[in-house]
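Hi,

Here is the structure I promised you. Have a look at it first, then read my notes underneath.

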Amino acid sequence: MDFYGFYTGQEFEAYRFLGAHPAESARTVFRTFAPNAASVGVIGDFNAWQEQPMSKIYDGNFWELMIPEAKEGMRYKYRIHPADGPVRDHCDPYGFSSELRPNTASVICRPFSHCFQDAKWMRSRSAGFDRPLNIYELHFGSWKKKGEKETDWYSYAELAPLLLPYLKESGYNFVELMPLAEYPSDASWGYQETGYFAPTSRYGTPEELQEFVDLCHQAGIGVLLDFVPVHFAPDDYALWRYDGTALYEYPSSDVGFSQWGSCNFMHSRGEVRSFLQSSAYYWLTEYHFDGLRMDAISNLIYWQGQPERGTCQPGIQFLQNMNAGLKKRLPGIILAAEDSTAFPGITAPVSRGGLGFDYKWDMGWMNDTLNYFRTDPALRPEHRGFLTFSMDYFFQERYLLPLSHDESVHGKATVLQKMYGDYEDKFPQGRAFYLYMMGHPGKKLNFMGNEFGQLREWDEKREQDWNLLSYPKHSSFLRFMKDLNQLYLSHPALYLEDFSRNGFRWLDCRQENGCVFAFERLCAKESLLFLFNFSSRPESVQLTGLDGAKSLETLLDTDQNIYGGGGSSDSRKIPVTSGQAVFYLAPFSGRCCRVVPLPPVRS
């Protein structure tokens with residue numbers, strides 16, 4: 001390890017030195033960083049949990065011990081004797097595996113043993129700016145369960161053969177996994193972590209997770225991991241006061257705790273930056289994850305996530321250094337920021353003063369669009385800005401449109417439940433809503449259960465309500481979503497020019513008293529027209545500005561019978577005369593049409 005780089009926050013592979021490393025000669029070397037400890041020992045299965053003292057190495061801030069009896073699969077902890085205060089037993093900050101909660105010991109393992117078969121995938125992966133990116137967000141323990149009990153989880157290896165055919169059939173080409181680094185409380189969903197290098201043992205072993213990612217790649221599915229670089233669990237067996245002092249966290253309570261009750265990392269410390277950078281690099285390298293979605297980035301940009309408290313320069317510098325370092329080492333990965341602020345340059349290169357992310361979650365689009373569909377249709381004309389405002393700022397960043405787990409929990413209602421009106425009206429509005437999302441520029445993300453119209457809020461203790469698919473409205477909704485996803489994946493106008501002004505133009509968005517919207521998505525290969533009626537009454541619409549078009553070929557109509565609609569729409573082909581076309585639009589409906597160009601004029 002580069003010790004100078006470790007102290008200055010430039011190290012990305014500290015895990016190769018720190019932690020417990022079993023060797024071929026059936027002995028394990030333990031190393032930990034505890035600069036303020038008076039002494040440190042190792043306890044575990046191999047010594048009947050009786051302390052064996054470690055020795056100081058290098059500059060006296062690191063501790064090391066080699067134990068021949070310590071073998072793979074055995075549990076261990078570090079017993080930390082602080083200079084002042086009680087002795088505590090801690091799990092290994094760099095431990096590669098953990099025992100199942102509520103137990104808290106680290107487990108000796110060899111995390112680099114899986115033989116991946118995804119070399120072709122790894123050579124071709126990219127950030128996907130000119131590719132379709134349709135992400136299915138998944139909580140590993142509640143997509144499906146093996147039984148009725150809360151803990152009847154499928155393992156990493158068991159879920160792959162169930163999940164992968166579903167993703168392929170449904171038209172998703174990426175899956176994003178909610179945090180999998182070890183965490184104590186199921187209710188935190190993994191966002192308050194204790195083991196930044198240990199896949200949670202709830203779902204199996206590290207090698208099984210490597211196998212899961214490998215199988216995804218072989219099936220043509222990319223895998224993103226939710227990464228939490230802002231805060232960690234306050235449990236006293238983990239990072240909190242690791243060497244008897246505030247080693248990873250702030251010593252001051254003013255900024256020491258987040259709004260979630262967790263401990264904020266002190267990003268001004270080089271050792272902390274090296275710890276987090278090494279964790280990020282570890283997941284991307286040793287597990288072949290294709291990218292990271294980074295949680296709560298606003299709390300790194302501003303102190304406590306509050307702009308009125310000013311920018312947090314240590315957090316900003318940490319992000320710039322980590323993102324630039326990861327992209328230099330692994331240029332094909334995806335780095336996405338969950339950020340709701342207006343801070344500029346989230347997706348600008350670090351070399352130009354930006355934060356170096358590939359994508360920013362468009363939280364403004366998500367909130368505005370859902371607010372529009374919550375609104376009584378009679379009042380929607382005066383709220384047109386909810387749908388038009390996003391294109392006023394869209395080209396300032398590279399955006400990803402998120403409908404994540406946060407929009408389906410804690411009294412917020414699921415996406416379909418958010419649609420205005422009664423049960424019957426929610427489905428046509430939901431279909432129109434999702435067509436609008438798919439037509440809008442930006443990459444896409446949808447949370448599990450949304451695709452078949454789940455109405456119950458997500459609960460990590462239960463699997464998704466798959467029984468709903470026995471009801472025609474929900475099974476028809478899933479069929480619509482599958483066809484919509486395939487439309488997105490197969491039409492380059494929907495992704496080639498996502499971040500170019502040449503790829504989008506409004507055709508109709510200014511009617512003062514209506515709920516009709518029309519826009520065009522374009523690329524060199526094709527042009528697609530999207531037309532919507534978000535009112536509760538039918539509309540006959542004459543659309544102009546279609547010069548150069550011979551006809552419009554309907555590719556997808558949300559009101560089709562097969563999707564549960566009334567099937568009362570126009571024919572599949574609509575003629576264009578003098579740049580004008582007339583549409584009939586059912587209530588709460590949308591349509592995507594391919595523009596058939598006029599033949600070239602012969603001279």
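Below is what I found in it.

A quick word on the ground rules: this is a predicted model, where local features need pLDDT of at least 70, side-chain atom pairs count only at pLDDT 80 or more, and totals for chains, interfaces and linings use all residues. Residues are numbered from 1 along each chain as its sequence is written, and side-chain values use heavy atoms, with hydrogens and water left out.

Start with the barrel: eight strands close up in the order 10-11-14-17-18-19-20-21, with parallel pairing. (Strands are DSSP runs of E with at least two residues, helices are runs of H or I with at least four, both numbered from the N terminus; two strands pair if DSSP finds at least two bridges between them.) Within the barrel, strand 11 (residues 174-177) and strand 14 (residues 222-227) run parallel and share four bridges. One of the pairs to look for is phenylalanine 174 with glycine 222.

Next, find histidine 440, in the loop between helix 13 (423-439) and strand 21 (443-447). Its relative accessible area is 2%, so it is buried, a label for anything under 20% (1.4 Å probe, protein chains only). The side chains of histidine 440 and serine 390 make a polar contact of 2.8 Å, meaning a pair of N or O atoms within 3.5 Å, where one must be able to donate a hydrogen and the other to accept it, and sequence-adjacent residues count only if both atoms are side-chain atoms.

Finally, strand 26 (residues 549-557) pairs antiparallel with strand 29 (residues 589-597) over seven bridges, leucine 552 being the partner of valine 595. Strand 26 also runs antiparallel to strand 27 (residues 573-575), joined by three bridges.

Cheers

Note on methods: Buried < 20%, exposed > 50% of the residue type's maximum accessible area, 1.4 Å probe, protein only.
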